[in-house]
Amino acid sequence: MTLPAPGTVSPLIKFGRYSFLTLGIAYGAYHQSRLSKREVKIREVEAEQKKIRDAKLAIEKKRMVEEENAAIAALSNPTK
């Protein structure tokens, strides 16, 4: 079974299709711009939080190393 040849498309329908395509692209660009601005703000906040978190982790790591060294020193020097 063969399909018949496609008919011609109305200029009004062609105009509508390309109009909606153009509007969709414009909306997508606007939406992407808006979301990227929001993402920049979020990343700035996360960068500040990362600095604070890294400082706290460094302090905690230093404390754990000191406690571990004290425990090793206590175990290596037994009292009689």
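Trainee: Let me start with one pair in the helix. Where do Glu 67 and Arg 63 lie, and how many residues apart are they?

Mentor: Both sit in helix 1, four residues apart, which is about one turn of the helix. Keep in mind that this is a predicted model.

Trainee: Which contact does Glu 67 form with Arg 63?

Mentor: For a salt bridge, look for a side-chain nitrogen of Lys or Arg within 4 Å of a carboxyl oxygen of Asp or Glu. Here the closest N and O atoms of Glu 67 and Arg 63 are 2.4 Å apart, and the two residues form a salt bridge.

Trainee: What does the side chain of Arg 63 meet in Glu 60?

Mentor: Another salt bridge, at 2.4 Å from N to O. Arg 63 and Glu 60 are separated by about one helical turn because they are three residues apart in helix 1. Put the pairs together and you get a network of salt bridges linking Glu 60, Arg 63 and Glu 67.

Trainee: How exposed are Glu 60, Arg 63 and Glu 67?

Mentor: Read that from relative accessible area: under 20% is buried, over 50% is exposed, and partly exposed is in between. Glu 60 comes out at 36%, Arg 63 at 35% and Glu 67 at 42%, so each is partly exposed.

Trainee: How many salt bridges does the structure hold?

Mentor: Five. One of them joins the side chains of Asp 54 and Lys 50, with 2.7 Å from N to O. That pair also lies in helix 1, four residues apart, or about one turn. Asp 54 is partly exposed at 35%, and Lys 50 counts as partly exposed at 42%.

Trainee: Let's zoom out. What does the secondary structure of the protein chain come to?

Mentor: One helix and zero strands. The radius of gyration is 33 Å, well over the 12 Å that the globule rule gives for 80 residues, so the chain is more spread out than a compact globule. The C-alpha trace tells you about its extent too: along the principal axes it spans about 105 × 40 × 5 Å.

Trainee: What share of the 80 residues do buried residues make up?

Mentor: Just 1%. The chain exposes about 8,000 Å², and carbon and sulfur atoms supply 66% of that area.

Trainee: Which residues make a nonpolar surface patch?

Mentor: Tyr 18, Leu 21 and Ile 25 make one of about 360 Å². To join a patch, a residue needs over 30% relative accessible area and no salt bridge. Ile 25, placed in helix 1 (residues 11-76), is exposed at 57%.

Trainee: And the charges: how far apart are the mean positions of the positive and negative ones?

Mentor: You take the mean position of each set and compare the two. For the 15 positive and 9 negative charges of this chain, the means are 12 Å apart.

Trainee: One last residue. Where is the place of Pro 4, and is Pro 4 buried or exposed?

Mentor: Pro 4 is in the segment before helix 1, and at 69% relative accessibility Pro 4 counts as exposed. You can also use Pro 4 to gauge distance along the model: Pro 4 and Glu 60 are 56 residues apart along the chain, and their C-alpha atoms are separated by 77 Å. Glu 60, remember, belongs to the salt-bridge network with Arg 63 and Glu 67.

Conventions
Residues numbered from 1 in each chain as written. Predicted model: local features only at pLDDT ≥ 70, side-chain atom pairs only at ≥ 80, totals over all residues. Heavy atoms only, no water. Patch = residues over 30% accessible without salt bridge, like charges linked within 9 Å, V, L, I, M, F, W, Y side chains within 5 Å. Areas by Shrake-Rupley, 256 points an atom, 1.4 Å probe, with all protein chains shown as cover. Helix = DSSP H or I, 4+ residues; strand = E, 2+ residues; numbered from the N terminus. Buried < 20%, exposed > 50% of the residue type's maximum accessible area, 1.4 Å probe, protein only. Rg over C-alpha atoms; globule rule 2.2 N^0.38 Å. Lys, Arg positive; Asp, Glu negative; His and termini not counted. Charge placed at Lys NZ, Arg CZ, Asp CG, Glu CD.
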